[in-house]
Amino acid sequence: MTTPLFQPIGVVRTPFTDVVGMPIQPAYAEDARGVVEVVPAYQAGLRDLAGFERIWLIYVLHAANDAKLVVTPFRDTQPRGIFATRAPCRPNPIGLSCVRLLAVHATHLEIAEVDMLDNTPVLDIKPYVPVYDAFPGVRAGWFDAQAADRRRADARFT
Ligand SMILES: C[S@@+](CC[C@H](N)C(=O)[O-])C[C@H]1O[C@@H](n2cnc3c(N)ncnc32)[C@H](O)[C@@H]1O
């Protein structure tokens, strides 16, 4: 199996320079705003994005600790398998956030509800399409037990 070597298409600028106290997901990031700075070579790829209210950002969790296969996630008190969590210290430290798209400019996007550190490298942008991406009411494993209502990060993964 060959794996492509991915190159960032840009970076996200956010208000967060330290993980401690920052939101753990866009759902808890309320008015935290950011900017996706896209490498000019990819400008044409932003065409038609303005009609979407939300976009997926796929990015490198570049400041994460070495991978762990079992972690105690922010919202739980029990150890869980890494692939049953959204914790950053993953074998491939890829982050996925559905953020609000406020405005599209030539080579940058204004966004809100950001949960990533400043200068996080972005690998891809995709439109959020409810008919593909929304499954209201489905089971969500240990999340459904609401073990800990934590909405802000601490230093456990960095
Ligand atoms: C729980 S992860 C969730 C990220 C994404 N929404 C996901 O589900 O893949 C978000 C936390 O990762 C940490 N984080 C954010 N950006 C990071 C980065 N670039 N490198 C390492 N850790 C980061 C912060 O503690 C933040 O609160």
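The structure holds 10 salt bridges. It is a predicted model. One of the salt bridges pairs Glu 30 with Arg 152, and another pairs Arg 75 with Asp 149. The model also contains a ligand, and 22 residues surround the ligand. The protein buries 97% of the 590 Å² that the ligand exposes when taken alone.

**Salt bridges between distant parts of the chain**

- In the bridge between Glu 30 and Arg 152, the closest N and O atoms are 3.5 Å apart.
- This pair links distant parts of the chain, 122 residues apart: Glu 30 sits in the loop between strand E1 (10–13) and strand E2 (33–38), and Arg 152 in the segment after helix H1 (130–133).
- Glu 30 counts as partly exposed, at 44% relative accessibility, and Arg 152 is likewise partly exposed, at 34%.
- The side chains of Arg 75 and Asp 149 meet in a salt bridge with an N to O distance of 3.2 Å.
- Because Arg 75 lies in the loop between E4 and E5 and Asp 149 in the segment after H1, this bridge ties together parts that are 74 residues apart in sequence.
- Arg 75 has a relative accessible area of 9% and is therefore buried, the cut-off being under 20%.

**A further salt bridge and a network**

- Arg 150 and Asp 154 form a salt bridge through their side chains, at 3.6 Å from N to O.
- Both partners are partly exposed: Arg 150 has a relative accessible area of 33%, and Asp 154 has one of 23%.
- Arg 54, Arg 100 and Glu 113 are joined into one network by salt bridges that share partners.
- Within this network, the side chain of Glu 113 makes a polar contact of 2.7 Å with the side chain of Arg 54 and one of 2.8 Å with the side chain of Arg 100.
- Glu 113 is located in the loop between strand E7 (108–112) and strand E8 (120–127), and its relative accessible area of 12% makes Glu 113 buried.

**Ligand surroundings**

- The closest residues to the ligand are Pro 23, His 62, Arg 86, Leu 96 and Asp 115.
- The shell around the ligand divides into 15 nonpolar residues, five polar and two charged.
- Strand E3 (54–60) and strand E6 (94–104) each supply at least two residues of this shell; E6 gives the most, with three residues.
- An N or O atom in the side chain of Arg 86 is 2.8 Å from an oxygen atom of the ligand.
- A nitrogen atom of the ligand lies 3.0 Å from a polar backbone atom of Leu 117.
- A polar side-chain atom of Thr 120 is 2.9 Å from a nitrogen atom of the ligand.

**Surface patch and loop residues**

- Leu 69, Val 70 and Phe 83 make a nonpolar surface patch of about 360 Å².
- Within that patch, Leu 69 belongs to the loop between E3 and strand E4 (70–71).
- Leu 69 has 57% relative accessibility and so counts as exposed, for which the cut-off is over 50%.
- Phe 74 occupies the loop between E4 and strand E5 (80–81), and at 14% relative accessibility Phe 74 counts as buried.
- The C-alpha atoms of Phe 74 and Cys 89 are separated by 12 Å, the two residues being 15 residues apart along the chain.

Conventions
Residues numbered from 1 in each chain as written. Predicted model: local features only at pLDDT ≥ 70, side-chain atom pairs only at ≥ 80, totals over all residues. Heavy atoms only, no water. Near = heavy atom within 4 Å. Polar contact = N/O pair within 3.5 Å; in protein donor to acceptor, adjacent residues only side chain to side chain. Areas by Shrake-Rupley, 256 points an atom, 1.4 Å probe, with all protein chains shown as cover. Helix = DSSP H or I, 4+ residues; strand = E, 2+ residues; numbered from the N terminus. Nonpolar A, V, L, I, M, F, W, Y, C, P; charged D, E, K, R; others polar. Patch = residues over 30% accessible without salt bridge, like charges linked within 9 Å, V, L, I, M, F, W, Y side chains within 5 Å. Salt bridge = Lys/Arg side-chain N within 4 Å of Asp/Glu carboxyl O. Buried < 20%, exposed > 50% of the residue type's maximum accessible area, 1.4 Å probe, protein only.
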